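Thank you all for coming. I would like to walk through one structure with you this morning, going from a single loop position to the core, the pocket and a few backbone details.

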Amino acid sequence: MEFSKVFITLFFFHVFFACNLSIQAAPANSNLFREYIGAEFNNVKFTDVPINSNVEFHFILSFAIDYDTSSSPSPTNGKFNVFWDSDNLGPSQVSSIKSSHSNVKVALSLGGDSVGDGSAYFNPSSVDSWVSNAVSSLTDIIQQYNLDGIDIDYEHFNADPDTFAECIGQLIKTLKKNGVISFASIAPFDDDDVQSHYKALWKSYGNLIDYVNFQFYAYDQGTTVSQFIDYFNTQSSNYNGGNILASFISDGSGGLTPENGFFTACNRLKSENKLHGIFIWSADDSKRNGFRYEKQSQALLAISH
């Protein structure tokens, strides 16, 4: 009789403890603000962008691409080069903005949509050779620029989802293990080919991915608040357990815009404890409107979360 009481007590303690663990592990509201910068070469600088001291702020340099820098760029199998506006966003500017703002970290994004006049393809010769080249070349760039993390934004693929998953997963794992980066993110959008690659990566290596910069602005222009919430919940299921960030595009060309209710949607997500952060594409475009929505985004995130 005593044994059964002890067993029952231990059983309920185990269930209670397991439930508490699962509750604590669930993502919650965050004050993380992220912004892509440098892809459009319009002389935007880190110092142009308003930085609220009450948020965690990530600049994401766009892009490092494993293509050569010739007039007609070709794939290099993981040997990355800098394709962002390094004249205005160079190593000294990175060091300066980080020393001026203790809440700022700087990452680089890999891939992007295009290079030169064509699409930027993920095009590895083999998993081992690509990973070896990528680890080496990115370690050099990250250390030269004093960067903190990487973002994965490949949008075109000459490799199957499993190969993509192994290459990117092993890259993130190695860079983290070597202490080269402290965080990693992915930037998928709602396209069947894109999603198949990123979901394969998430399935195998999701535990190593800190943030999901889902490109909600790739949905149709004129997206409503209720549609945005539906899209957000769908992608939260696709990347189960991930920190899915809300997002918009500065030029208003797609998705839910600030004028049409983006911040209404964010407040609703916040009330449901689902606002894991906001990111914007991009500082280059926001320069035209004086970064008004960067200020509004950060003000919303800075309110006690």
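Leaving out residues up to four places away in sequence, Gly222 touches Gln227 and Gly255, and I should say at once that this is a predicted model. Gly222 sits in the loop between β11 (211-212) and α6 (225-238), where it is partly exposed, with a relative accessible area of 48%. Its C-alpha lies 7.1 Å from that of Gly254, although the two glycines are 32 residues apart in sequence.

Let me turn to the interior. The largest nonpolar core has 81 residues, and those with the most contacts inside it are Leu108, Ile150 and Tyr154. Helix α3 gives the most to this core, with 8 residues, while a second, separate core of 17 residues includes Ile65, Ala120, Phe183 and Phe279. As a general remark, nonpolar side chains in soluble globular proteins tend to be buried together.

What does Tyr154 touch, once residues up to four places away in sequence are not counted? Its partners include Asp66, Phe80, Leu110, Trp130, Phe164 and Tyr198, and also the glycines Gly111 and Gly112. Ser119, in strand β6 (residues 118-119), is 35 residues from Tyr154 in sequence and 9.9 Å from it in space, C-alpha to C-alpha. Ser119 counts as partly exposed because its relative accessibility is 31%, and, leaving aside its neighbours within four places in sequence, Ser119 is in contact with Tyr67, Asp113, Ser114 and His156.

Two of those partners, Asp113 and Ser114, bring us to the largest pocket, since they are among the residues that lie nearest its centre, together with Ala39, Phe63 and Trp281. This pocket has a volume of about 350 Å³ and is lined by 18 residues, which divide by class into 9 nonpolar, 5 polar and 4 charged. Strands β2 (56-65) and β5 (114-115) each supply at least two residues of the lining, and β2 gives the most, with 3.

Phe63 and Trp281 also deserve a second look for their backbone. In general, most residues other than glycine have a negative phi, and most peptide bonds are trans. Here, however, the peptide bond from Ser62 to Phe63 is cis, with omega near 5 degrees, and Phe63 belongs to strand β2. A cis peptide bond also joins Trp281 and Ser282, with omega about -5 degrees, and Ser282 is found in the loop between β13 (278-281) and α8 (283-286).

As for phi, Asn77 has a positive value of about 55 degrees although it is not a glycine, and Asn77 lies in the loop between β2 and β3 (81-82), buried at a relative accessible area of 12%. Asn146 likewise has a positive phi, of about 60 degrees; Asn146 is in the loop between α3 and β8 (149-154) and, at 38% relative accessibility, counts as partly exposed.

I will finish with helix α2 (residues 91-100), whose buried residues are Val94, Ile97 and Lys98. Why do these three lie on the same side of α2? They cover an arc of only 95 degrees around the axis, and therefore share one side of the helix, whereas Ser92 and Ser99, on the other side, are exposed. What covers the buried residues of α2 includes β2, β4 (104-112) and α3 (127-145).

Conventions:
Residues numbered from 1 in each chain as written. Predicted model: local features only at pLDDT ≥ 70, side-chain atom pairs only at ≥ 80, totals over all residues. Heavy atoms only, no water. Buried < 20%, exposed > 50% of the residue type's maximum accessible area, 1.4 Å probe, protein only. Helix = DSSP H or I, 4+ residues; strand = E, 2+ residues; numbered from the N terminus. Arc of directions from axis to C-beta. Contact = heavy atoms within 4.5 Å. 1 Å grid on protein atoms, 1.4 Å probe; cavity = no way out; pocket = protein on both sides within 12 Å on 5 of 7 lines; lining within 4 Å. Points joined across faces, edges and corners; volume = space filled by probe spheres on them. Nonpolar A, V, L, I, M, F, W, Y, C, P; charged D, E, K, R; others polar. Core = buried A, V, L, I, M, F, W, Y, C linked by side-chain atoms within 4.5 Å.
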